[in-house]
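Work through the exercises below with the structure open beside you. Try each task before reading its solution.

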Amino acid sequence: MPLDASWAESWIRLSAQAVAEHREELTALDTAIGDGDHGTNLDRGLRAAVTALQDAGELPTPGAVLKRAATVLISTVGGAAGPLIGTAFLRASREADAPVLDASGTARMVVAACEGVLARGHAEVGDKTMVDAWTAAARAAQEAVTRVGQSADAPAVVLEAAAGAAAAGAAATEPMRARRGRASFLGERSRGHRDPGAESTSLILAAAARSARQACEVRG
Ligand code: ADP
Ligand code: MG
């Protein structure tokens with residue numbers, strides 16, 4: 001089932017739900033190596049995005065939905081993560097400009113989101129940031145496209161691969177020493193804690209995959 005605007009709307013809604021459910025956990029991660037605001041910031045931004053999408057009514061493309069969400073995220077999340085995650089959605093929106101996305105369009109969207117985070121934050125893999133989750137996701141999505149073929153659930157399979165890799169990428173940040181953002185101020189003491197932005201990225205990509213799988217079940 002190709003991904004349409006209602007998939008994108010459901011992605012944002014499920015992301016908001018997941019972040020609300022894990023808000024305390026994200027806050028605890030950011031308390032350990034930052035200032036403890038990541039869970040609340042993202043929760044506020046995603047709630048605002050859901051409301052803005054409800055107010056906007058039906059939008060024609062997944063890109064239009066993601067662009068609307070990006071604008072709200074950039075203006076309401078704040079902190080370091082707001083502009084980064086907002087840019088991810090903004091770049092994703094540009095790749096999602098057609099009425100529906102097939103598997104390769106889906107992978108291009110994930111890659112574009114990752115490139116947005118890289119361009120905005122200048123972090124590299126191994127710096128213990130959300131880049132570790134986004135980069136793993138983008139690679140996995142590209143790799144998945146080469147083997148999914150034309151099955152009806154191909155976009156869902158691509159997003160499931162991306163989400164699985166993002167989860168592994170987030171877990172891999174635990175032993176790292178932070179080299180970007182607030183956590184880098186802790187130096188060696190940042191080791192032993194998972195990066196909050198990598199963890200929220202993993203939640204957001206898992207929501208994208210769930211939304212795609214649900215679209216297959218409902219319509220396929
Ligand atoms: P702040 O650090 O301003 O309080 P948040 O707590 O909302 O912002 O977000 C912190 C997260 O932002 C970190 O866990 C990390 O993943 C991400 N981050 C910080 N700086 C960068 C950067 N330069 N590039 C990519 N991600 C970054
Ligand atoms: Mg913080």
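Helices here are DSSP runs of H or I, at least four residues long, numbered from the N terminus. The model is predicted.

**Exercise 1. Two loop residues with unusual backbones**

Task: Find where H122 and K128 are placed, and decide for each whether it is buried or exposed.

Solution.
- Step 1. Start with the general rule: most residues other than glycine have a negative phi.
- Step 2. H122 departs from this, with a positive phi of about 55° although it is not a glycine.
- Step 3. K128 has a positive phi of about 65°, and it is not a glycine either.
- Step 4. Place them. H122 is in the loop between helix 6 and helix 7. K128 is found in the loop between helix 6 and helix 7.
- Step 5. Check accessibility. Exposed means over 50% relative accessible area, and buried means under 20%. H122 has 54%, so it counts as exposed. K128 has 1%, so it is buried.

**Exercise 2. The magnesium site**

Task: Which residues are the protein donors of the magnesium ion (ligand 2), and how are they spaced along the chain?

Solution.
- Step 1. List the donors: D30, D35 and D37, each through OD.
- Step 2. Check the distances. These donors lie 2.0 to 2.2 Å from the ion.
- Step 3. Read the spacing along the chain: D-x4-D-x1-D.
- Step 4. Test D30 against the burial cut-off of 20%. Its relative accessibility is 9%, so D30 counts as buried.
- Step 5. Turn to D35. Its relative accessible area is 38%, so D35 is partly exposed.

**Exercise 3. An aromatic cluster**

Task: How many aromatic pairs does a search of the whole structure find, and which residues form one aromatic cluster?

Solution.
- Step 1. Count the pairs: the search finds two.
- Step 2. Take W11 and F89. Their ring centres are 5.0 Å apart and their planes are at 45°, so this pair is tilted.
- Step 3. Locate the partners. W11 is in helix 1 (residues 5-21) and F89 is in helix 5. They are 78 residues apart, and the pair links distant parts of the chain.
- Step 4. Check burial. W11 is buried, with a relative accessible area of 3%. F89 is buried too, at 2%.
- Step 5. Assemble the cluster: W7, W11 and F89.

**Exercise 4. The enclosed space**

Task: Which residues line the largest cavity, and how do they divide by class?

Solution.
- Step 1. Search the whole structure. One cavity of 30 Å³ or more is found.
- Step 2. Give the volume of the largest cavity: about 40 Å³.
- Step 3. Name the lining: W11, A92, M109, V110, A113, W134, L159, L205 and A208. W11 also belongs to the aromatic cluster of Exercise 3.
- Step 4. Trace the elements. Helix 6 and helix 9 each supply at least two lining residues. The largest share, three residues, comes from helix 6.
- Step 5. Sort by class. There are nine nonpolar residues, no polar ones and no charged ones.

**Exercise 5. The two pockets**

Task: What are the volumes of the largest and second largest pockets, and which residues lie nearest their centres?

Solution.
- Step 1. The largest pocket has a volume of about 560 Å³.
- Step 2. It is lined by 28 residues. A80, A81, L84, G181 and R182 lie nearest its centre.
- Step 3. Six helices supply at least two lining residues each: helix 2 (23-33), helix 3 (38-56), helix 5 (81-94), helix 6 (103-121), helix 7 (130-148) and helix 9 (196-219).
- Step 4. The classes in this lining are eleven nonpolar, nine polar and eight charged.
- Step 5. Move to the second largest pocket, at about 170 Å³. It has 13 lining residues, of which D102, A103, G149, Q150 and A154 lie nearest the centre.
- Step 6. Helix 6, helix 7 and helix 8 (154-172) give two or more residues to this second lining.
- Step 7. The second lining has eight nonpolar, four polar and one charged residues.

**Exercise 6. One residue in helix 3**

Task: Is N41 buried or exposed, and which residues beyond its sequence neighbours is it in contact with?

Solution.
- Step 1. N41 is found in helix 3.
- Step 2. Its relative accessibility is 10%, so N41 counts as buried.
- Step 3. Leave aside neighbours within four places in sequence. N41 is then in contact with V77, G78 and G79.

Terms used:
Residues numbered from 1 in each chain as written. Chains lettered and ligands numbered in written order. Predicted model: local features only at pLDDT ≥ 70, side-chain atom pairs only at ≥ 80, totals over all residues. Heavy atoms only, no water. 1 Å grid on protein atoms, 1.4 Å probe; cavity = no way out; pocket = protein on both sides within 12 Å on 5 of 7 lines; lining within 4 Å. Points joined across faces, edges and corners; volume = space filled by probe spheres on them. Nonpolar A, V, L, I, M, F, W, Y, C, P; charged D, E, K, R; others polar. Phe/Tyr/Trp six-rings, centres within 6.5 Å; stacked < 30°, edge-to-face > 60°. Buried < 20%, exposed > 50% of the residue type's maximum accessible area, 1.4 Å probe, protein only. Donors = N, O, S within 2.8 Å, 3.2 Å for Na, K, Ca; no water. Contact = heavy atoms within 4.5 Å.
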